[in-house]
Structure formats: C-alpha cells, structure tokens
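Visitor: Got a minute to walk me through this one? I'd like to start with the charged pairs and then move on to the strands.

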Amino acid sequence: MGLSEIQTKQVRSFINRQLNEFPQASEKIIEFIAKFRYMQSKKESVEALEYQYLHGYCYYFAQMLQDAFGGDLYIVLDKCHIVWSLDGKYFYDITGVCNRSINKKLVKRVTKDQCKIYRKV
C-alpha cells in the first residue's frame, strides 16, 4: 500500500528536517520512521501514535528498529525511556533522531532485566 501525495510530502518534510539538524544520521532509518509515522494521514493520529511510543511503549518501537536494522537498545536513565542506535552515536525513537532531547551521559545499553519491565507482559 503506497502513501498518498500528502503523506509523501509529510515524509519528505520529516526526513529533510531531521537531516538538516543531524546531517550524519542515517537517511534510511529516518525514512523508515517517517513512513511509519505518516501511514496515519491525520495530524491527530500521528500525535496519538507518537504519544503511545513515548509513554509506555518505547521498548516496542526500539525493538522494531532493532529487528529492521540491527543495532542495540539503550535506556535513557533520567527519562526511563528506551531508544535504539545502530552506532552508539545517533539515537532514535518515534520522533526520529532524539539526540537533542536526551543526555547522552545518561544513555546506557539496556539489560535483559530492564527490558522485562518495559515489555508489559
């Protein structure tokens, strides 16, 4: 199922904003996140999706990125938030590259025990 013209513009705009701010980040990963976000065509739906993956289901989004691209899951200790990284330099969540919103000194590889807390099962 392809994206509509509006969704395609939203995806391209998201990718451009991300790469303007983080030119060394992976365009392929940012594009994956953008297409995932903008499968929802309504702004309210995108906001709801983002809220869900930022408030309790961050582990599952990070796990999806790991499944698609490899890399590792990390915990942002002061936010109790799981993010994903391929290289340990750029960290991603549903918002795209999240380096500006996290303190990298408080980012550690997540342990299996920590993952159990976030799995919600």
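Guide: Sure. One thing up front: helices here are DSSP runs of H or I with at least four residues, numbered from the N terminus. Also, this is a predicted model.

Visitor: Fine. How far apart in helix H5 are Lys-116 and Asp-113?

Guide: They sit 3 residues apart in H5, which covers residues 112–119, so about one helical turn separates them. Lys-116 and Asp-113 form a salt bridge, with the closest N and O atoms 3.6 Å apart.

Visitor: And are Lys-116 and Asp-113 buried or exposed?

Guide: Lys-116 is exposed, and so is Asp-113.

Visitor: How many salt bridges does the count come to?

Guide: The count comes to 8. Another one of them links Glu-5 with Lys-9, where the closest N and O atoms are 3.6 Å apart.

Visitor: Where do Glu-5 and Lys-9 sit relative to each other?

Guide: Both are in helix H1, residues 5–21, and because they are 4 residues apart there, about one helical turn lies between them. Glu-5 counts as exposed at 60% relative accessibility, and Lys-9 counts as exposed at 55%.

Visitor: What does Lys-43 pair with?

Guide: Lys-43 forms a salt bridge with Glu-47, the closest N and O atoms being 3.8 Å apart. Those two belong to helix H3 (residues 43–54) and are 4 residues apart, about one turn of the helix.

Visitor: How exposed is each partner, Lys-43 and Glu-47?

Guide: Lys-43 is exposed, with a relative accessible area of 59%. Glu-47 is partly exposed at 43%, since the exposed label needs over 50%.

Visitor: OK, strands now. How many residues of S2 are buried?

Guide: For strand S2, residues 81–85, 5 of the 5 are buried, so the rest of the structure largely encloses it.

Visitor: Which residues go on which side of S2?

Guide: His-81, Val-83 and Ser-85 are on one side, with Ile-82 and Trp-84 on the other. They are all buried, and both faces of S2 are covered. That back-and-forth fits the general pattern: in a regular strand, side chains alternate between the two faces of the sheet.

Visitor: How does S1 run against S2?

Guide: S1 (residues 72–76) and S2 run antiparallel, joined by 5 bridges. Val-76 has His-81 as its bridge partner in S2.

Visitor: What's going on at Cys-80 in the hairpin?

Guide: Cys-80 takes a positive phi near 50° there. The hairpin of S1 and S2 has 4 residues between the strands.

Key
Residues numbered from 1 in each chain as written. Predicted model: local features only at pLDDT ≥ 70, side-chain atom pairs only at ≥ 80, totals over all residues. Heavy atoms only, no water. Salt bridge = Lys/Arg side-chain N within 4 Å of Asp/Glu carboxyl O. Buried < 20%, exposed > 50% of the residue type's maximum accessible area, 1.4 Å probe, protein only. Pairing = 2+ DSSP bridges.
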